[in-house]
Amino acid sequence: WLQLLDSSAATPNMSKIPWDSADGNGKWSKQPNLKCLAVDNTELPPPKAIILDGEPVIGTAANYIGLYRLAEGKLVNGRPCYRHAERPTHWVAYNGTSAWNAQSEASLGQSRGWMQLLDSSCHTPDVSLLSWETADGAGKWDKKPNLKCREADPSTMPPASALVLSGATEAKAQDCLGLYRLIKGYEVNGRPCWRSVRRSDRWIAFNGENAWNAQSEASLGQKRGWLQLLDSNVSTPDLSKTQWEAWDGSNWVRQDACTCVSVDTAQLPPPPLIELAGPPIAGNAGACLGSYRLADRDVNGRPAFQKTDREDRWLAFNGDNAWNAQSAASLGEKKGWIQLLDSVPTPDQSSIGWEAWIESKWQAQPRLQCIATHDPPLPCSELLVVSTKPPPVAKVQEMPPLIKRSDSELLEDANKDAAKDAAKGGAGGAGGGNGGGEA
């Protein structure tokens with residue numbers, strides 16, 4: 001429908017020749033005022049997803065390889081930022097002066113991290129032609145000529161754990177607005193589904209043919225609801241650019257202000273009940289498997305969970321780098337029989353593998369999961385089925401090497417723990433870590 005008859009121009013914006021437009025009847029007419037201009041890349045919307053890859057990376061930096069999701073509406077030092085799709089405490093953000101960094105949430109926006117791109121000219125890191133560098137942990141940066149950041153297909157990302165639906169004006173549709181939690185491990189009509197945090201009988205689900213619907217539980221997965229998004233091409237509704245519509249009782253009405261966006265999982269309330277589930281584990285770690293109920297207290301600024309059948313066993317954050325299944329005597333300390341080296345808001349949100357303290361060392365437990373128990377229970381619907389898509393496998397071998405603890409630390413633990421278990425205190429977890437073998 002438009003053409004520029006200028007093969008000498010390296011790019012269309014460099015040409016001085018007018019464009020032509022087609023009239024639909026085989027004729028072209030000159031358009032002297034139609035121009036193709038180069039614009040600053042800050043005028044482009046940031047990509048919904050980026051990926052860091054292209055070259056093998058070892059050590060802690062390896063945990064930052066992979067897909068990242070745009071943090072909608074959030075800026076760090078005036079530029080878009082990205083959260084790792086599987087490790088929610090890992091980010092890519094601009095440091096405000098000289099570089100983009102792959103860094104922990106605790107360092108977000110600072111001039112520190114495990115990877116860096118020394119290019120302050122790019123509004124998002126995917127447009128840079130420069131290569132990244134990785135930190136060796138000893139203060140040196142290693143150049144990685146093939147390590148790049150590029151725009152990724154958003155449909156390749158795991159579904160967002162939390163969505164916010166807002167902006168609808170119709171009365172019934174407004175009952176569907178608010179925060180939604182992903183129902184992990186389940187799908188409706190072959191796609192992910194979300195349940196409202198405010199109203200447990202409201203869902204966002206695909207209707208199996210042509211639309212995503214915000215609907216009642218009774219209509220789950222059917223071609224009905226109070227809001228619809230006529231876009232079957234997107235894998236999740238937050239990726240669509242199509243406008244939502246609301247049912248006013250007789251017609252579908254376009255909702256120009258209605259949006260569905262992914263949000264920080266920290267906005268989700270903690271689940272009332274979680275379960276550490278997996279194959280039997282030998283020793284004291286095995287006694288930590290089972291159900292944990294949300295306690296009426298926080299530990300190190302995070303929700304804590306107490307075992308339902310044993311009041312002296314807890315699942316709590318250690319204040320630094322991990323969640324631990326531990327005794328009441330060690331509550332909140334870097335000690336325990338099972339650990340998750342991830343500082344997520346609640347342990348059910350993590351995709352990283354768990355470890356158990358067995359035979360005086362931390363051993364990976366790839367089949368151990370922390371699952372949120374749904375309250376109220378999930379509805380009995382033939383359309384709500386267990387997902388056939390396998391969950392991402394945690395790459396435990398990419399975690400930093402375990403750091404041995406000193407003899408004095410071992411002796412201190414031995415003095416604190418019960419006599420029969422004290423001798424099992426040993427290696428700490430990654431990052432300066434977590435002692436095993438508590439009472």
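Two strands count as paired if DSSP finds at least two bridges between them. Strands themselves are DSSP runs of E with at least two residues, while helices are runs of H or I with at least four residues, and both are numbered from the N terminus.

With that in hand, let's look at the model, which is predicted: local features need pLDDT of at least 70, side-chain atom pairs count only at pLDDT 80 or more, and totals for chains, interfaces and linings use all residues. Residues are numbered from 1 along each chain as its sequence is written, and side-chain values use heavy atoms, with hydrogens and water left out.

**The whole chain**

The protein chain holds three helices and 32 strands. Of its 439 residues, 47% are buried, meaning under 20% relative accessible area with a 1.4 Å probe, protein chains only. Contacts here are heavy atoms within 4.5 Å. Among the contacts in the chain with a separation of 6 or more, 44% link residues 24 or more positions apart.

**Two open sheets**

One open sheet has nine strands with antiparallel pairing, in the order β11-β10-β9-β8-β7-β6-β5-β4-β12. Its edges are β11 (141-144) and β12 (148-151); each has a single partner strand, so one side of each is left without a neighbour in the sheet. Neighbouring strands are turned by 30 degrees against each other on average, direction ignored; the axes behind that angle are lines fitted to C-alpha atoms, and angles run from 0 to 180 degrees between N-to-C directions.

Another open sheet, also antiparallel, puts nine strands in the order β30-β29-β28-β27-β26-β25-β24-β23-β31. At its edges stand β30 (361-365) and β31 (369-372), each with a single partner strand, so each has one side without a neighbour in the sheet. The twist from one strand to the next averages 30 degrees.

Here is one antiparallel pair from each sheet:

| Strand | Partner strand | Bridges | Opposite residues |
|---|---|---|---|
| β5 (residues 66-76) | β6 (residues 79-84) | five | L75 and P80 |
| β27 (residues 323-327) | β28 (residues 338-340) | three | W323 and L340 |

**A loop residue to find**

Where does E55 lie? E55 sits in the loop between β4 (49-53) and β5. Leaving aside its neighbours within four places in sequence, E55 is in contact with K144, P145, N146 and L147. The C-alpha atoms of E55 and L147 are separated by 5.1 Å, though the two residues are 92 residues apart along the chain. Look at N146 too: its backbone nitrogen lies 2.9 Å from a polar atom of the E55 side chain.

How values were computed: A polar contact is a pair of N or O atoms within 3.5 Å; within protein, one must be able to donate a hydrogen and the other to accept it, and residues adjacent in sequence count only if both atoms are side-chain atoms. Buried means under 20% relative accessible area, exposed over 50%, partly exposed in between (1.4 Å probe, protein chains only).
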